[in-house]
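Work through the following exercises with the coordinates open beside you, and try each task before turning to its solution.

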Amino acid sequence: MKEELLVVGGGIVGLSCAYEAAKRGGRKVTIVDRGDFGGQASGAAAGMLAPYTENSEQPDPFFRLCLDSLRLYPEWAEEIERLSGISVELTHTGSIQVALHEADMLPLRTRQRWQNEWGARAEWLDAADLRRLEPGLSSAAAGGLYCPEESHVYAPKLVKALEAACRRLGVRCAGNAGDTVDLMLDGGRVRLVTGTGGRFEADRVIVCAGAWTGAFERWFGFAVPVNPIRGQICAYHSPIGEVRRMVFTSQAYWVGKRNGTLVCGASEDIAGFDTSVTERGIARLTRWSGRVFPALADRSPVHRWAGLRPATLDGWPLLGPVPGAPQAVVAAGHYRNGILLAPVTAKRICDVLDGKLPAAELAPFAPDRFAASARTLG
Ligand SMILES: Cc1cc2nc3c(=O)[nH]c(=O)nc-3n(C[C@H](O)[C@H](O)[C@H](O)COP(=O)(O)OP(=O)(O)OC[C@H]3O[C@@H](n4cnc5c(N)ncnc54)[C@H](O)[C@@H]3O)c2cc1C
């Protein structure tokens, strides 16, 4: 009999895990979400695949995880597009981190040195180079780091494509199934009950509940500190090519999409599980848009939205089995990089399920690592 696998949470992380498990074969896979698939952080994301920009300090395990994922992306995206018939708009624009002041340059130069040893091929741009590559930039842009390897996808299409690919592979997709009210991990089987009366049973479970993963600590038996960090974000109408590359400053980023919008993000604010958009949050983005791209000063965003990033205490994801309940695995807490980290997360988690990757290999991302430090301190 085939092993039954239940995936809880249908954002990009859950969908990617379900897709990978189904692709490998040998399991009956069900994915369950209390709402719509991709309806939370994953559908709200800017879709940037930017391991170099996101990691400023050193080549630590998190940087290497991000880099591995970037390298998996082209083949992974192509395979999902082929199965689903939906383009995910993987676009290889490269990125520019812009320094608006002399003082911003030194950290970028330091980053360039160590990241080039890891394949970034980053080039330093002076003010004239900057305006040649990105003519719309303000004359205040003093210099910058061009990173040709970074790219982006259209996140709402990627989650649609993943859901369609899952269905093509025979994954049972149970959307709008209601919140989990009980999860039984004792004994051999996994049993999940939802508030709307849904009942799911399986041999193994992967919990991918994004910013809501903390609610599972009562069943795991240890602290799972995942906090929602709201990201408010907006988009302008913008002729294609007005902003050619992904542009980052210390205050905001801009990324041009193929549908003729320019996405500008994102705030980082704490508002519990509230996904509303505030005037203040968007005003900061529009102020910086006008400063960095003067042509945007007279324009207003045409869309505004928000999502909840699942943030752990150290900003690294939780990946691996639940101690004491090896039939349960966690894949959550991807904070600012869940879109980037989707392929590598799915691969590593399915390698653990298949017994090909010892959980110890994922030790820096162990789901109970905060419980362990609390015990040591206590
Ligand atoms: C504004 C913004 C911009 C971003 N930009 C980028 C970017 O450019 N690049 C990048 O890599 N990342 C980006 N991110 C981060 C990225 O979106 C997240 O890291 C990623 O989406 C997390 O995916 P997830 O599947 O864990 O969570 P989610 O997408 O939030 O999915 C979790 C799912 O679990 C479901 N769920 C929760 N509890 C239960 C339960 N008890 N039972 C059943 N289902 C449940 C929810 O309904 C939800 O659908 C951005 C995030 C935001 C908010």
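The exercises below concern a predicted model, and they go from the whole chain to single residues.

**Exercise 1. Overall dimensions**

Decide whether the radius of gyration of the chain agrees or disagrees with that of a compact globule, and describe the extent of the C-alpha trace.

Solution. Begin with the length of the chain, 378 residues, for which a compact globule would have a radius of gyration near 21 Å. The chain has 21 Å, and therefore the value agrees with the globule rule. Then turn to the principal axes, along which the C-alpha trace spans about 65 × 40 × 40 Å.

**Exercise 2. Make-up of the chain**

State the secondary structure content, the share of buried residues, the sequence range of the contacts and the character of the exposed area.

Solution. The secondary structure comes to 11 helices and 19 strands. Of the 378 residues, 57% count as buried. If one takes the contacts between residues at least 6 apart in sequence, 75% of them join residues at least 24 apart. The chain exposes about 15,800 Å², of which carbon and sulfur atoms supply 51%. As a last step, locate the charges: the mean positions of the 43 positive and 41 negative charges are 2 Å apart.

**Exercise 3. The surroundings of S69**

Determine where S69 is placed, whether S69 counts as buried or exposed, and which residues S69 touches.

Solution. S69 is placed in helix α4, which covers residues 61–84. Its relative accessibility is 0%, and because buried means under 20%, S69 counts as buried. Leaving aside residues up to four places away in sequence, S69 touches L340, L341, A342, P343 and V344. For L340 there is a further detail, since its backbone oxygen lies 2.6 Å from a polar atom of the S69 side chain.

**Exercise 4. Backbone geometry in three loops**

For E89, R121 and the peptide bond from G265 to A266, report the backbone angle and the loop concerned.

Solution. As a reference, most residues other than glycine have a negative phi, and most peptide bonds are trans. E89, in the loop between α4 and β4 (95–99), has a positive phi, near 55 degrees. With 9% relative accessibility, E89 counts as buried. R121 also has a positive phi near 55 degrees, and its place is in the loop between α5 (105–116) and β5 (123–126). Its relative accessibility is 54%, so R121 counts as exposed. Finally, the peptide bond from G265 to A266 is cis, with omega near -20 degrees, and A266 is found in the loop between β16 (261–265) and α9 (279–292).

Conventions:
Residues numbered from 1 in each chain as written. Predicted model: local features only at pLDDT ≥ 70, side-chain atom pairs only at ≥ 80, totals over all residues. Heavy atoms only, no water. Helix = DSSP H or I, 4+ residues; strand = E, 2+ residues; numbered from the N terminus. Rg over C-alpha atoms; globule rule 2.2 N^0.38 Å. Buried < 20%, exposed > 50% of the residue type's maximum accessible area, 1.4 Å probe, protein only. Contact = heavy atoms within 4.5 Å. Areas by Shrake-Rupley, 256 points an atom, 1.4 Å probe, with all protein chains shown as cover. Lys, Arg positive; Asp, Glu negative; His and termini not counted. Charge placed at Lys NZ, Arg CZ, Asp CG, Glu CD. Polar contact = N/O pair within 3.5 Å; in protein donor to acceptor, adjacent residues only side chain to side chain.
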